Amino acid sequence: MIHAVYPGSFDPITNGHIDIIHRARLVFERLTVAVVVNPSKQPLFTLTERVQMIRDVLDDQGLSIPVASFDGLLVKYAETIQAQAVVRGLRALSDFEFEFQLSLMNRRLKPDIQMVYFMSSSEVTYLSSGLVKEVASLGGDVTGLVPPIVHRLLIEKLSIK
Ligand code: ADP
C-alpha cells in the first residue's frame, strides 16, 4: 500500500491541482494533501483557510482524502506520516528546472522517498494559483479555473464583484 503526499502552497487550490490529485489517486492507494507553511511567502489565504478550502473542495467532489499542513523539510514530514512518495505536478519547462533541483536535493536528504511527477491535462496546464489571483484581483473572470467554492472565497477575499 503506497502512501503518497502531495505538498504545495495551494494559495488557493485550482483546477490544475485537482487534476493532479485525480491522477495521483489512480496510482497511489493512499494520498495526503499537505499545505506547506512557507514563511518566505505572503499568502492571500491563511493556512487554516487553505486547509479548510481544500477539505471542502474534495468533499464536494466526493473524494475522501486527508488534508494536513506542515512546516520544515518535506522529506521529514513525508517520513513522519510514513509516505513513501511525493507527488508534484509539471506544467512547463519552467517547472522542470525547479522540480529537478528539488527532486535531487530530496533524494540526497532521503534516498528512500520517491518524487513522482504528473502532467495535468492541456486545459489546465497553464494554470497557477498566482495567475488566478492576479486575474481575479484585476476583475477578470476565473470561472472554470477554480472550483466554485474557491471562486466565492476569492471574490470575498478580494472584495470584488
Ligand atoms: P508550490 O508553491 O510548492 O509550487 P503550488 O501550490 O503552486 O505549490 O503547487 C503544488 C504542486 O502542484 C507543484 O508541483 C506544482 O507544479 C503543481 N501544480 C500547480 N498547478 C498545476 C497545474 N495547473 N498543472 C500541473 N501541476 C500544477
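**Exercise 1. In which helix is S103 found? Establish also whether S103 is buried or exposed, and what S103 contacts.**

Two remarks on the model come before the solution. This is a predicted model in which local features need pLDDT of at least 70 and side-chain atom pairs count only at pLDDT 80 or more, whereas totals for chains, interfaces and linings use all residues. Residues are numbered from 1 along each chain as its sequence is written, and side-chain values use heavy atoms, with hydrogens and water left out.

Step 1. S103 is found in helix α4, where helices (H or I, at least four residues) and strands (E, at least two) are DSSP runs numbered from the N terminus.

Step 2. Helix α4 covers residues 93-109, has 17 residues and reaches 24 Å from its first C-alpha to its last, close to the 24 Å expected at 1.5 Å a residue; the expected span is 1.5 Å times one less than the number of residues.

Step 3. S103 counts as buried because its relative accessibility is 11%, given that buried means under 20% relative accessible area, exposed over 50% and partly exposed in between, with a 1.4 Å probe and protein chains only. D95, E99, L102 and N106 are also among the buried residues of α4.

Step 4. Leaving aside neighbours within four places in sequence, S103 is in contact with M115 and Y117, contact meaning heavy atoms within 4.5 Å. The cover over the buried residues of α4 includes α3 (74-80), β4 (85-90) and β5 (114-119).

**Exercise 2. Work out the strand order of the open sheet, and then trace how the chain crosses from β2 to β3.**

Step 1. The open sheet has 5 strands in the order β3-β2-β1-β4-β5, with parallel pairing; two strands pair if DSSP finds at least two bridges between them. The edge strands, each pairing on one side only, are β3 (67-70) and β5.

Step 2. β4 and β5 pair in the parallel sense over 6 bridges, and G89 stands opposite F118 in β5.

Step 3. β2 and β3 pair in the parallel sense over 4 bridges, and V67 in β3 is the bridge partner of V33. From β2 the chain passes through helix α2 (residues 47-60) to β3 in a right-handed β-α-β crossover, right-handed meaning that, with the strands pointing away from the viewer, the path from the first strand over the helix to the second runs clockwise.

**Exercise 3. Describe how α2 and α6 pack.**

Step 1. Helix α2 and helix α6 (residues 148-158) pack at an angle of about 150°, with their axes 9 Å apart; axes are lines fitted to C-alpha atoms, for helices over the stretch in contact, and angles run from 0 to 180 degrees between N-to-C directions.

Step 2. This angle makes α2 roughly antiparallel to α6, since angles over 145 degrees count as roughly antiparallel, under 35 as roughly parallel, 65 to 115 as roughly perpendicular and the rest as oblique.

Step 3. Residues E49, M53, D56, V57 and D60 in α2 meet I149, V150, L153 and K157 in α6.

**Exercise 4. Compare the backbone settings of F10 and Q82.**

Step 1. Most residues other than glycine have a negative phi, and most peptide bonds are trans.

Step 2. F10, in the loop between β1 and α1, has a positive phi near 50° and is buried, with a relative accessible area of 2%.

Step 3. Q82, in the loop between α3 and β4, has a positive phi of about 60° but is exposed, with a relative accessible area of 62%.

Step 4. The peptide bond from D11 to P12 is cis, with omega near 0°, and P12 lies in the loop between β1 and α1.
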